[in-house]
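Biologist: I would like to learn how to read a model of this kind, feature by feature. Could you take me through one, giving the general idea before the particular case?

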Amino acid sequence: MTKDIKPLLIDGSTPLSSDALLAMLDAEGLVHHTVDHAPMWTVEDAKAIRAPSPHGHTKNLFVRNKKGRMWLLTLHEDRQVDMKTMGGLIGTNRLSFASPQRLMHYLGVIPGAVSMFSVLNDVTRQVTCYIDEAFMAAPELHVHPLVNTRTTTIDRENLLGFLMDRGYPFEVLRFG
């Protein structure tokens, strides 16, 4: 955490912790497996230290447009896209990465820790979420549980259902 970013959401509340998230999954009886590891800041970091798995490795982009609209894009880790193309796919233009401050205020995480679970901290429901079509056939996904020092493996349907039940649906991002 950088010193100038206070760990508070836009409404002044404290973000959900990784431990609290995992307890929620347990309370719902959702099968998941979480491992602790060195911090992962990039896809390259993840590839270097993770155990091999054929399924659902993600990269997450938190982006905004000039008007302040925000999106969380959960993409296959090897998906290459430029911002102009991405903007066209989600129906906007002039996309840029959101600042670390905005990331904390709206998703409650630091850079490197963004994942699908981050939307649980979107208390004002201002972030629109997309998931890469490549994941719709993946039986499980590997995602950070609100920190970049852990990775949780969870069934895709259970993850999407868990988020949808709390009012955070993901639209499928189709690359044609």
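Biologist: Let me begin with a single residue: does L146 count as buried or exposed, and why?

Modeller: This is a predicted model, and the way to decide is to look at relative accessibility, where buried means under 20%. L146 counts as buried because its relative accessibility is 7%. The residue lies in the loop between β6 and β7 (150-155), and it has a positive phi of about 75 degrees although it is not a glycine.

Biologist: Which other residue that is not a glycine has a positive phi, and where does it lie?

Modeller: R94 has a positive phi of about 55 degrees without being a glycine, and its place is the loop between α3 (83-90) and β4. Exposed means over 50% relative accessible area, so R94, at 59%, counts as exposed. A glycine with a positive phi is found as well, since G108, which follows α4, has a phi near 70 degrees.

Biologist: How should I read a sheet, and what is the order of the strands in the sheet of 5 strands?

Modeller: One reads the strand order, then the edges, then the pairing. The order here is β4-β2-β3-β5-β8, in an open sheet with mixed pairing, and its edge strands, β4 (96-97) and β8 (170-173), each pair on one side only. Within the sheet, β2 (residues 58-64) pairs with β3 in the antiparallel sense over 7 bridges, and V63 has W71 in β3 as its bridge partner.

Biologist: Which strands of this sheet does α4 touch?

Modeller: α4 packs on the sheet and touches β2, β3 and β5, its direction making about 100 degrees with that of β2. To read such a packing, one asks which residues of the helix are buried; in α4 these are R102, L103, M104, Y106 and L107, and the buried residues pack against β2, β3 and β5.

Biologist: What is the order of the strands in the sheet of 3 strands, and which helices pack there?

Modeller: The 3 strands form an open sheet in the order β1-β7-β6, with antiparallel pairing, and β1 and β6 are the edge strands. Neighbouring strands of this sheet are turned by 15 degrees against each other on average, with direction ignored. β6 and β7 pair over 4 bridges, and L141 stands opposite I154 in β7. As for helices, α1 lies across β1 and β7, running at about 20 degrees to β7, whereas α5 touches β6 and β7, and its direction makes about 100 degrees with that of β7.

Biologist: Which residues does H32 touch at a distance in sequence?

Modeller: Here one sets aside residues up to four places away in sequence; H32, which is in strand β1 (residues 32-36), then touches L22, L25, D26, T152, T153 and I154. H32 and T153 are 121 residues apart in sequence, yet 5.6 Å apart in space, C-alpha to C-alpha. The side chains of H32 and D26 are joined by a polar contact of 2.7 Å.

Biologist: Finally, how many residues are in the largest nonpolar core, and which have the most contacts inside it?

Modeller: The largest nonpolar core has 33 residues, and those with the most contacts inside it are L107, F117, L163 and F170. Several elements each supply at least two residues, among them α1 (18-27), β3 (70-76) and α5 (156-165), and the largest share, 4 residues, comes from α5. A second, separate core of 10 residues includes L61, V63, W71 and L173.

Note on methods
Residues are numbered from 1 along each chain as its sequence is written. This is a predicted model: local features need pLDDT of at least 70, side-chain atom pairs count only at pLDDT 80 or more; totals for chains, interfaces and linings use all residues. Side-chain values use heavy atoms; hydrogens and water are left out. A nonpolar core is a set of buried Ala, Val, Leu, Ile, Met, Phe, Trp, Tyr and Cys residues joined through side-chain atoms within 4.5 Å. Buried means under 20% relative accessible area, exposed over 50%, partly exposed in between (1.4 Å probe, protein chains only). Contact means heavy atoms within 4.5 Å. A polar contact is a pair of N or O atoms within 3.5 Å; within protein, one must be able to donate a hydrogen and the other to accept it, and residues adjacent in sequence count only if both atoms are side-chain atoms. Two strands pair if DSSP finds at least two bridges between them. Axes are lines fitted to C-alpha atoms, for helices over the stretch in contact, and angles run from 0 to 180 degrees between N-to-C directions.
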